[in-house]
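Hi there,

Here is the structure I promised to pass on to you. Have a look at it first, and then read my notes underneath.

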Amino acid sequence: MGLMNKQQKPQLLSKIATGNGHGEDSPYFDGWKAYDENPFHPTNNPNGVIQMGLAENQLTSDLVEDWVMSNPEASICTPEGVYDFKAISNFQDYHGLPEFRNAVAKFMGKTRGNRVTFDPDRIVMSGGATGAHEVTAFCLADPGDAFLVPTPYYPGFDRDLRWRTGVQLLPVICESSNNFKLTKQALETALNKAKQDNIRVKGLLITNPSNPLGTVMDRTTLRTALTFINENRIHLICDEIYAATVFGHPTFTSIAEIIEQDTDIECDRDLVHIVYSLSKDMGFPGFRVGIIYSYNDAVVNCARKMSSFGLVSTQTQYLLAAMLADEAFVERFLGESAKRLGQRYRVFTGGLSKVGIKCLQSSGGLFVWMDLRHLLKEKTFDSEMELWRMIIHEVKINVSPGSSFHCSEPGWFRVCYANMDDRAVQVSLQRIRAFVLQNVEVKVPEKRPCWQSNLRLSFKTRRFDDIMMSPHSPMPQSPLVKATT
């Protein structure tokens, strides 16, 4: 009787509460957990896990701190700004502060080289890009509908667009043979498969610059995407949250530029929507500033109403309105950010190349797409996960395996390099080089390109820690690494 009662016990919680739609069991998040349990610190825990799985931009925080110190009136929580405290703390219009929307629209234009302008009345706030993507999905699709997404793509999309909306994400397979470039054939293949499976496709989601590739889409690819969605009468969602992280060539081209300037192709603007935020470009993930910019009036109106569930605080709006309106600061910040990101990219990729590790050539983002296919025992995702576990537990670096990004080929890893100081970067390079020296026989003749090197996984018996401390370590113990401040 007791067993029967137990079997008939009603389910008290929802399917969302009892399910696993968040995707927290993904290796992408498992690496974060490994870091949280044993975080690296240069003096307190020098053998801890280094966090290189988090795409944060901490390279220009000093510029922001200097601006805040010089402009105390921009915050209502300072003696200089407290006189506006009552008015700002009581403001709750979900349209947002007019000065904030004006400043964001102008900043979006600035990060796109002022080649295009944005209408402040189309700026819709949300709680970070996460909230912006979910609201957009709610506006465009019903449960069971689908969006096409080129692979590899950000693992968080599975949570942001699927978990609460019931929307599906269907992969558009891109391959390393053409540097994972999106093609018309790949789009058509994915769409035809969806039709065969009786799945209604409502849109195409692209990320430009790409996460995790760090590449930017050229004008031809953007035109291909725009033509594709117009021919098939589906929406185009453009995630452009890394717009200002581009530090080299090719430079960034926004979908807004194609709409405004390429008048030779058919374009229904009602089908085009941009997701933006200040998390990556400004390094403000904690401020939770997400932006939906749609050319569709109905989407703007619906998204604005839905934004009530995830507004940006007026205190944050007030501060950022003043900061982004400071043209001299914005000009200096964007220039210095690109310079520092470029320097960090060159240091990190240069360090990897010394042991024959190559990365996909890129010019944006806060990470590299590292190619470790030559280190796999077998060309399988099981082998990729085995290598990933070694990197996490032996090298003690949290990198993200390509399978968590739905990459179609095993052996690729995303490595973030902008969320740490120079010392941590050097320690991470030292660990990677020591790992390669331990496990790989490297034969790189002089003047031979690194991608032609002969690397073979050999699993030496020599301990990783022994190599790290060896006087013959591939990277000497510099005073910078040993520094305690």
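Below is what I found, going from the sheet to the helices around it and then to a single residue.

Please keep in mind that this is a predicted model.

Let me start with the sheet. It is open and built from seven strands, which follow one another in the order β2-β8-β7-β6-β5-β3-β4, with mixed pairing. At the edges you will find β2 (123-127) and β4 (168-172), each of which pairs on one side only. On average, neighbouring strands are turned by 25 degrees against each other, direction ignored. As a reminder, strands of a sheet pair through backbone hydrogen bonds, either parallel or antiparallel.

Two of the pairings are worth a look on screen. Strand β3 (residues 146-150) pairs with β5 (residues 201-207) in the parallel sense, over three bridges, and here Leu148 has Leu204 as its bridge partner. β6 and β7 also run parallel, joined by four bridges; in this pair, Ile237 stands opposite His273 of β7.

β7 deserves a closer look. In a regular strand the side chains alternate between the two faces of the sheet. Which residues of β7 are buried on each side? Val272, Ile274 and Tyr276 are buried on one side, and His273, Val275 and Ser277 on the other, so both faces of β7 are covered. That makes six buried residues out of six.

Now for the helices that pack on the sheet. Helix α10 (residues 219-232) touches β3, β5, β6 (235-239) and β7 (272-277), and its direction makes about 170 degrees with that of β5. Helix α12 (residues 297-306) touches β2, β7 and β8 (289-294), at about 35 degrees to the direction of β2.

α10 has 14 residues and reaches 20 Å from its first C-alpha to its last, close to the expected 20 Å. Its buried residues are Thr221, Leu222, Ala225, Leu226, Phe228, Ile229 and Asn230. Besides strands β3, β5, β6 and β7, their cover includes α9 (184-196) and α11 (255-261). Just after this helix, Arg233 takes a positive phi of about 55 degrees.

α12 also meets another helix, α7 (residues 128-140). Their axes come within 10 Å and cross at roughly 130 degrees, and the two helices are therefore oblique to each other. The crossing is right-handed. At this contact, Val135, Phe138, Cys139 and Leu140 of α7 meet Val299, Cys302, Ala303 and Met306 of α12.

Then there is α13 (residues 314-325), which has twelve residues and reaches 16 Å from its first C-alpha to its last, close to the 16 Å expected. This helix is mostly covered, with nine of its twelve residues buried; among them are Tyr318, Leu319, Leu320 and Met323. What covers them includes α4 (61-70), α5 (85-89), α6 (98-110) and α14 (327-353), along with strands β2 and β8.

Finally, a single residue: is Phe413 buried or exposed? Phe413 lies in strand β13 (residues 412-416) and is buried, with a relative accessible area of 0%. Leaving aside residues up to four places away in sequence, its contacts include Trp369, Met370, Leu387, Trp388, Ile391 and Pro401. The C-alpha of Phe413 is separated by 8.7 Å from that of Pro212, although the two are 201 residues apart along the chain.

Enjoy exploring it!

Best wishes

Key:
Residues are numbered from 1 along each chain as its sequence is written. This is a predicted model: local features need pLDDT of at least 70, side-chain atom pairs count only at pLDDT 80 or more; totals for chains, interfaces and linings use all residues. Side-chain values use heavy atoms; hydrogens and water are left out. Two strands pair if DSSP finds at least two bridges between them. Axes are lines fitted to C-alpha atoms, for helices over the stretch in contact, and angles run from 0 to 180 degrees between N-to-C directions. Contact means heavy atoms within 4.5 Å. The expected span of a helix is 1.5 Å times one less than its number of residues. Buried means under 20% relative accessible area, exposed over 50%, partly exposed in between (1.4 Å probe, protein chains only). Angles under 35 degrees count as roughly parallel, over 145 as roughly antiparallel, 65 to 115 as roughly perpendicular and the rest as oblique. A crossing is left-handed if the near helix is turned anticlockwise from the far one by less than a right angle, and right-handed if clockwise.
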